[in-house]
Amino acid sequence: TAVTDPVAAELANADGIPIGEITGTSDKLPVEQQLKMIREILPDAKTIGIMYTTSEVNSESAIAEYKELAPNYDFEIVDSGISSSADIPLSADTLIGKVDCITNLTDNTVVASLPVILSKASAKNIPVFGSEIEQVKIGCLAAEGLDYVALGKQTGKMAAKILKGEKKASDMQFETITEPGFYVNNEVAKNLGITVPEDLQDKAVESFDEITK
C-alpha cells in the first residue's frame, strides 16, 4: 500500500498491469486539484516552494508533475532538494526567503521534520499546504489530499479478494484513492490572516479549529 509511482518502482508496467504477483494502491498526489486550491486561497501568489529528498523516486515524480502543471495556474515552482533531515533547517530558511507559499509532498524525510518547517514558515507568515489530513492537523493551512485510513481500507478490500481466492494479484491493476478530500485548519488561517473562500469551506471533508502538537 502507498507506493506513489508503481511504474517507476517497477511494480507495474505503463498500463498499470502488475509485474509479478503484486498489486495494491498508490498514494499519488492530486497535484492539479492542489494547485487549483492554492490559487483560490492565494489569488496573488506567484511562487510555490517544494522541499524534497533527492533519493525518493516518489518525490521526483511529484515534482515533475508540479512543474508541468504549475504554469496552467500562473505559478512557478521553486524546489529545494535535500539528502537527509540534517539539511532541512538551512534548506527551509533558504526556500522560505524565495517563495509566497510552500506545498508539502508525502516525502518521508521531509514529513518527519515538518514541525521544523512549519515553525520557520509561520515566523515569516508563509503558508504551508499539506498533502494529507494529518499534515493539516499539525499546522499546514489546507490540503486537497489523502486520508491514509481510507486508502488503507481500499487496499484491504483488494487484499481480501486475493485472500479469498477470488482474484490473483497479477490480474489486478493498482488503484489510486477514489476521491481526494479538502482539509483545512481554521486556526492556521486565522494566525496567517488568510480568509479561506466560502465555497472551499463548504466542501471541506474535515476542518480543524486547533493545531495538534
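# Salt bridges, sheet and cores

Lys67 has a relative accessible area of 42% and counts as partly exposed. This value, like the others below, comes from a predicted model.

The side chain of Lys67 forms a salt bridge with that of Asp79, at 2.6 Å from N to O. The two residues are 12 apart and link distant parts of the chain, with Asp79 in strand S3 and Lys67 in helix H2. Another salt bridge joins Lys28 and Glu65, with 2.8 Å between N and O. Here the partners are 37 residues apart: Lys28 sits in the loop between strand S1 (25-26) and H1, and Glu65 is in helix H2. A further salt bridge brings Glu144 and Lys203 together, their closest N and O atoms being 2.6 Å apart. Glu144 belongs to strand S6 (residues 142-145) and Lys203 to helix H9 (residues 198-203), so distant parts of the chain are linked across 59 residues. The model has eight salt bridges in total.

The table lists the accessibility of some residues in these pairs.

| Residue | Relative accessible area | Class |
|---|---|---|
| Lys28 | 39% | partly exposed |
| Asp79 | 27% | partly exposed |
| Glu144 | 5% | buried |
| Lys203 | 44% | partly exposed |

Next comes the sheet. Four strands, in the order S3-S2-S4-S5, make up an open sheet with parallel pairing. Strand S3 (76-82) and strand S5 (128-129) are at the edges with a single partner strand each, so one side of each has no neighbour in the sheet. Strand S2 (residues 47-53) and strand S4 (residues 101-103) run parallel and are joined by two bridges. One residue of S4, Ile102, is the bridge partner of Gly49.

Two helices lie against this sheet. Helix H2 (residues 57-69) crosses S2, S3 and S4 and runs at about 165° to S2. Helix H3 (residues 88-96) also touches S2, S3 and S4, and its direction makes about 165° with that of S2.

Helix H5 (residues 114-123) has a buried side and an exposed one. Its buried residues are Leu114, Ile117, Leu118 and Ala121. These lie on the same side of H5 because they cover an arc of only 100° around the axis. Pro115 and Ala123, on the other side of H5, are exposed. Among the elements that cover the buried residues of H5 are S2, H3, helix H4 (108-112), S5 and helix H6 (133-137). After H5 comes Asn125, with a positive phi near 60°.

The largest nonpolar core holds 35 residues, and Ile41 and Phe129 touch the most other members. Two or more of its residues come from each of helix H1 (31-41), S2, H2, strand S8 (181-185) and helix H8 (186-192). H1 gives the largest share, five residues. Beyond its neighbours within four places in sequence, Ile41 is in contact with Phe129, Leu141, Ala142, Ile194, Val196, Pro197 and Leu200. There is also a second, separate core of 17 residues, including Met51, Ile88, Leu114 and Leu118.

A last residue to look at is Ser131, in the loop between S5 and H6. Is Ser131 buried or exposed? Its relative accessibility is 3%, so Ser131 counts as buried. Not counting residues up to four places away in sequence, Ser131 touches Leu29, Asn104, Leu105, Thr106, Ala143, Gly145 and Leu146.

Notes. Residues are numbered from 1 along each chain as its sequence is written. This is a predicted model: local features need pLDDT of at least 70, side-chain atom pairs count only at pLDDT 80 or more; totals for chains, interfaces and linings use all residues. Side-chain values use heavy atoms; hydrogens and water are left out. Two strands pair if DSSP finds at least two bridges between them. Contact means heavy atoms within 4.5 Å. Axes are lines fitted to C-alpha atoms, for helices over the stretch in contact, and angles run from 0 to 180 degrees between N-to-C directions. Buried means under 20% relative accessible area, exposed over 50%, partly exposed in between (1.4 Å probe, protein chains only). The arc is that of the directions from the helix axis to the C-beta atoms. A nonpolar core is a set of buried Ala, Val, Leu, Ile, Met, Phe, Trp, Tyr and Cys residues joined through side-chain atoms within 4.5 Å. A salt bridge is a side-chain nitrogen of Lys or Arg within 4 Å of a carboxyl oxygen of Asp or Glu.
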